[in-house]
Amino acid sequence: STNSLALMQEGEEAQTVLTRNQSATGIKYDNVYITPSHIEFNEAIEGVTYRQRITMKNIGSKPAFIRIREPNSLAFQVRASKNGMRVSPGLNVTTCVIYCFKRPSLLRAIIPIEINGKIFDYHVICTLATEGISIEPKLIDFGTIDIGYSSGLKIVTIRNEGGKSTRFSIDLGQNDLDLTVKPLRGIVRPQKEVKLRIELIGTNEGTLYSEFWIKSVPNIRVPIKIIVIVPRLVVYHPNSTGDFTLIDFPPTIEHTNRYDTFVLRNLSSRVSSYVVLGELDNEVKCIRDIDRKCYPVYSAFEIHPHEGRMNPFQGIIFEVKFSPTTTLSQQEREQKRRMWIERGDGYQNWTNRDFMAFIRILRVHCTESEDIIKETTVETSSLSTTCVSNIDLGIRDVIRLCLYGEVHEARLQIEPNILYFGDLIVGQISERVLRLTNPSAVASIYLEYMPNANARCCPNRMKLKPKSSIEVLITVHGKESIEASFKLVFDIKADSYNSCVPKRCLEKIKVGSYSVECTVNIIFKSKRELLSKRSLSIKATNDDEEIIKRVLHVPKWKLLYKKYSEQTADRLARCREFPLEKTASSIKAAVLISLSPLQIYKIHIYPTTFAFGNVASNSFNYRRLIVKNKNNVPVMIRLISLSSKCIRFPEGNLMILQPESTMTRLIEYFADEVGKFNGYIDYVINDNHSFELSITADVVHKQLHIDKREIELGKEWSSKETTYRPMISVVRITNKLSAKTYFRWEIPASSGFYIEPMSGSVRDNSTLHVYVHYEADNAKTNYAQAVLRCESGSYASLQLSAPRFAPRVEFVNDNANLGEIPLNLPTKVIAVLQNFEFNEVVYEVDSGSLIRGCDVNPLRGKISSRGIALLELVEELCIENRAVPRETVVTINIEEFNKVDCPFTIEWSRGVKVERTSDTVECTLHPGGNVFFVLEFKPKKRGRFSVEAPIYVRGELDGGVFNKLRLDGEFPASSIDVEPTEIYFTPVPLDTTIEENFRIRARHFDNAALVQSNFSIASRCNGDYKDELLQVDFPNGNVVHPES
C-alpha cells in the first residue's frame, strides 16, 4: 500500500478529489470513506516538521455531518472544526495532520472524528528514524613525533547520518599512549557533526599502535598509529660510531689544503638549531672566540658552517679544511710544553708534527619567529611527561668530532749540491747531470725549473713520487753574458684542494724552492790572445737605491687602510671621552635583534619541565623559573601562557636580561578541574625565537593515605614471649599534597577500639601518627572497620581486630589458713591475685558468695599485664543477739587499745549504733539485732604485739567476762639475704674476664629498697722473677721461696 504524503502550508484549500490510490487504501465508516485508513509517519527525523492529508468522502445518498476534534497528543496537530460541516453526497473534505518531534514517548495519537453523531477513532502512528554515526578519518596516524613532546591536535569528525539524536562516550581502555580526547561524551544531533580533538604525548620510543572506542550506535573502533623517536643528531661519515666521529686527514704537505665532508642530519620532527664549539681543556668555547695564538691547532683546522638551523629530518653538509704549516706545528708544540710545565708533568720533546682538535656540535631547540603565533589556548589532560629543552643536552644532542692530521715538509735532495762547468770558450757547450730525490714517503712533489739565461734544464718539469729520484741534464752554452757564478732554482709544488668552486678541483701550489750553486769560467778567443772574462774590467752598478725603493714601497690599499684605522681610533677615543646615553628606543632595538644559534645556546633556562605531580583541586601551586644570559648583549624574554585560566605570572611575564646576568620569575598554577593536566608555557626570546616549557600535573581530590589496611592487635606477639604485649598500634596518616587536609575517624560504637585523635588536620607534605588501642569488653565486638574521611569526601578504610582470650588470673595461694580463731573475733588476710596474661584484665569479687562477716576490699578493679592485685580480706567482729528474746546490753573494755604504743584499733562498721567512751564501747541489741566492728593492725615500729579486750553481757554470768577478744600481730624486721655468701674465682689467664652471679633478697621492706655495693680493694701479692724462678710475698708475711 502507498500513503500519500504532502507538505502543506497553512491556509491551503482542501482538495475535493481523491486519487485512485487514496481510495484504495481508505476505510468506510457510516457511508463516509476516509483515506488513508490511518496515517504513519515513517523515519521521522528530529527537528523536521511533517504533514500528511486526510480525505473524507461522502459516498452515501444523503448529506453527512463531519467534525474533526483535537488529537490526544501534543506532538500531533490537526486543523479541527469546532462546529463541523455537512458534506453532500459525492463530495469530500480534506484536512492536514502535522507531526513535530517532542520526545520519544509521543509516537502515537488518536484523532476523534465525529460522523453523523458517532465518534470514529482515527489512528496516527510515527516511527522515528534510527540513529547511525560514522567517523572520518577511519584511522588516526600521528606520523613521527619526538619523545616528550605533544603530537599536536588531530580532528576526528563524528557524523550522525540517522534521523535521531544519539549519545556517545569515549572509552580509552588502558590508554597506554597517554591519549587525550575531548570531549569524552556528548550528543550528536541528526545530520550534524561533532569534532573530537585528539592529542597525545610521546613517552615511549618506537612504532606504537593503540585504539579507543566510540560507544554509540554502532560502536566504532578507532585505531591509532604513531612513531615516537628520540630526537638526536646523526653524522654520516665512514668513521662515525655512535656520537663520535673521527675526521682523519691523510698526511698533508705544509701550505697545502685538504678537505673532508660529513653530513649532519636532524633526526627530529621539530626544527632544531645547532652550534659548533671547540673543546679547550675542561671547557667548550665557540670556534670564533678561540684565541688562535694560545691554541694554534684551531688555525690548522677550519669547519663550516659554525651554526645554523635545520628543518625536521633535514641534513646539512659540513666541510672541514686542514691547512697546516710548520710554524703552526712549532706553536702547538710550544703550547703543549708550557701546559706540561704548568702541570708539573715535565716536558717531553715530541718530534711528531701532527694536529688534533676536538669539536662538539650541540643541538639547540628553537622555534623561529614565523612559528611563534599559535592558538590562544591549548589545554589538555594527560599524564605527566618530561620535555627536552636547550639546556638539557643529553648524549643524543651532542656530536663529538676528532679532527686529526699530520703535516709533512716538502723537501728536495740535490746531488751534487755544486756544479762546476770549468773553463768554457764562448760558443762551447758544457753539460752536467743533477740527481733530484724526493725523500718524503707519503706525498708526491712536482718540480719546475725556473728559467735561467745562463743554463737550461732538461726536463724542466717533472713529478717525483715518494722515495723516488730523477736525473736531469743541465746545459750551459758559452756566452759573453754568462756570469761566473750563478744559481739554478727548482720550485717545489704539491697538490692542494680548492673548495671555492662547486666541484672541488685539485691545483698545484708552490710550497718551497731549492737552488744549486754553479760556477763557470768563460774564455774569450781572439787573434792575439785569449782573454779570460775574469780579467776584464766590469762596470760596477750600484742598485742599492732602487732596491731600497722597491722594498719600502707601500701599496695604495695599505695606505687607505691605515688612514681608516686612524679615523676609527679617533672616533672611539671621542666616544670614551663623551659617552652617549642610550634611549629606550635604542635599547629596545638592541634587545629585539634576531639571535644566532650560538647566542641562543648561551641563554640558559631551567627547569625545563614543571612537574607538579599530585596536586589538590582548587589549590594554588608555585614554582620558580631561573634564566641566565651568558651573552655579551642584552636579551628580552617574554613568557606566554597557553593555558591562561590555569597559569599566571605573579611577578610579570617580561624580562630584560643584561649581559652575564640572572633573573627569576614565579610561575603560578591553579589546579582547577580534577584529572591529568598537561599545558605549555612559551618563552619567546627577542620576539624572534620561541621555546616550550611543559607543565604537568595530576589534579586529584584532597586525600590522605594510611600505611596499613588491616591491624590485628596482638598478632605480632608470640606465645613464648615473656614481655609486655600492649593491645595498641600506631597508624601513619600521610598527606602527599601541598595543601592542608582535614580528617575525621568513624568507628562503630559497638566495638572496643579507640583512635586518638579522632579528628584533626594534616599539614601539606607531612605525616601524622595516630594511636589505636583496644579495651577488652565482652559486651563489645573485637572487630570493626574504621573509616578515615577527608574533607573532600574521599575515604580510606582500616580493618581492626583483636583476639579474644580466656584470662589466666589466679591467687598466689589457693587457700588462706587462718588457724584457730575464736568465734566472732576479727581476722585480716591479704590475698594476692596474679594476672598471667600479657594483657590487662578487669576483675570483680562475687560478694554474694562471701560468708557472713567476711569483707573484701576492693571488690573490683584492673590488673595490668603480668601484674598483681592485693585483696584485703577482713573477718569483721560481729555480735548478734540470737537466743535472748529481749534487749541485751553488750560492753567491750578497750582500755588496752588506748595505750600509746598499741598498734590495734577497733572501729564501728555497721549495725546497731554504739556509745563509745575512752575505756568502753557499749551497744544495745534487740532480738535478732547485730553490730559489726572493724579491727585494724597499724604498727609504728617493728616487733610482735598482743592485746586483749574483755566482753561483758548484762545479765549474763553475774556480770563476769562473757568472752574475750585477743588480737595478735607482727611487724617483722627488714632483712637482706645474699646467696651465695662467698664467690670463688678460678685462676684465669691475663686479660681474661670471668663472671659469677649472686642473688640479693630484700624482705619486709615497706618501700623500694636501694642497695649499694662497696667493693674493697683487693690485696695484691708481691714477688720477683729472676733466673726463671718466681718468689712470692703474701700480704700476711708468708714468703714462698723459689725452687728450681
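C902 is buried, because its relative accessibility is 18% and the cut-off is under 20%. C402 is buried as well, at 5% relative accessibility. Under the distance rule applied to cysteine sulfur atoms, the number of disulfides is zero. The model is a predicted one.

The protein chain holds 1044 residues, and 39% of them are buried. Its secondary structure comprises seven helices and 78 strands. The exposed area of the protein chain is about 61,800 Å². Carbon and sulfur atoms supply 50% of that area. Contacts were also sorted by sequence separation. Of those between residues at least 6 apart, 67% join residues at least 24 apart.

Towards the start of the numbering, five strands form an open sheet. Their order is β1-β2-β4-β8-β6, and the pairing is antiparallel. Strands β1 (27–29) and β6 (76–78) form the edges, each pairing on one side only. From one strand to the next, the twist averages 25 degrees. Within this sheet, β2 (residues 32–35) runs antiparallel to β4 (residues 49–58), with four bridges between them. Y33 faces K57 of β4 across this pairing. Strands of a sheet pair through backbone hydrogen bonds, in either a parallel or an antiparallel sense.

Strand β35 (residues 445–449) is mostly covered, with five of its five residues buried. In a regular strand, side chains alternate between the two faces of the sheet. Both faces of β35 are covered. I445, L447 and Y449 are buried on one side. Y446 and E448 are buried on the other. Strand β35 has an antiparallel pairing with β37 (residues 461–464), made over four bridges. There, I445 has L464 of β37 as its bridge partner. Strand β35 also pairs with β39 (residues 485–498), again in the antiparallel sense and over four bridges. In that pairing, L447 is bridged to I492 of β39.

T475 belongs to strand β38 (residues 468–477). This residue is buried, because its relative accessibility of 12% falls under 20%. Beyond four places in sequence, T475 touches two runs of residues: I429, S430 and E431, and also N454, A455 and R456.

The largest nonpolar core contains 37 residues. I637, I647, I667 and Y669 have the most contacts inside this core. Strand β50 (residues 689–700) gives the most to the core, contributing five residues. A second core, separate from the first, has 32 residues, among them A455, V472, F486 and F524. A455 of this second core is also one of the residues touched by T475. In soluble globular proteins, nonpolar side chains tend to be buried together.

I637 was examined further as a member of the largest core. With residues up to four places away in sequence left out, I637 touches I603, I605 and V627. The same list includes N653, L654, M655 and L657. It also includes Y683, V684 and I685. Among these contacts, I603 is a residue of a paired strand. Strand β42 (residues 603–606) pairs with β44 (residues 619–629) in the antiparallel sense, over four bridges. I603 stands opposite N629 of β44. Strand β44 has a further antiparallel pairing, with β48 (residues 661–671), and this one spans eleven bridges. Here N629 lies opposite S661 of β48. N629 thus has I603 of β42 opposite in one pairing, and S661 of β48 opposite in the other.

S909 is found in strand β68 (residues 904–911). This residue is partly exposed, because its relative accessible area is 26%, between the 20% and 50% cut-offs. Apart from neighbours within four places in sequence, S909 is in contact with E876, F932, F933 and V934. S909 and L877 are 32 residues apart in sequence. Their C-alpha atoms are 9.3 Å apart in space.

Technical notes. Residues are numbered from 1 along each chain as its sequence is written. This is a predicted model: local features need pLDDT of at least 70, side-chain atom pairs count only at pLDDT 80 or more; totals for chains, interfaces and linings use all residues. Side-chain values use heavy atoms; hydrogens and water are left out. Two strands pair if DSSP finds at least two bridges between them. Helices (H or I, at least four residues) and strands (E, at least two) are DSSP runs, numbered from the N terminus. Axes are lines fitted to C-alpha atoms, for helices over the stretch in contact, and angles run from 0 to 180 degrees between N-to-C directions. Buried means under 20% relative accessible area, exposed over 50%, partly exposed in between (1.4 Å probe, protein chains only). Contact means heavy atoms within 4.5 Å. Accessible areas come from the Shrake-Rupley method with a 1.4 Å probe; for residues, only the protein chains shown count as cover. A disulfide is a pair of cysteine sulfur atoms within 2.5 Å. A nonpolar core is a set of buried Ala, Val, Leu, Ile, Met, Phe, Trp, Tyr and Cys residues joined through side-chain atoms within 4.5 Å.
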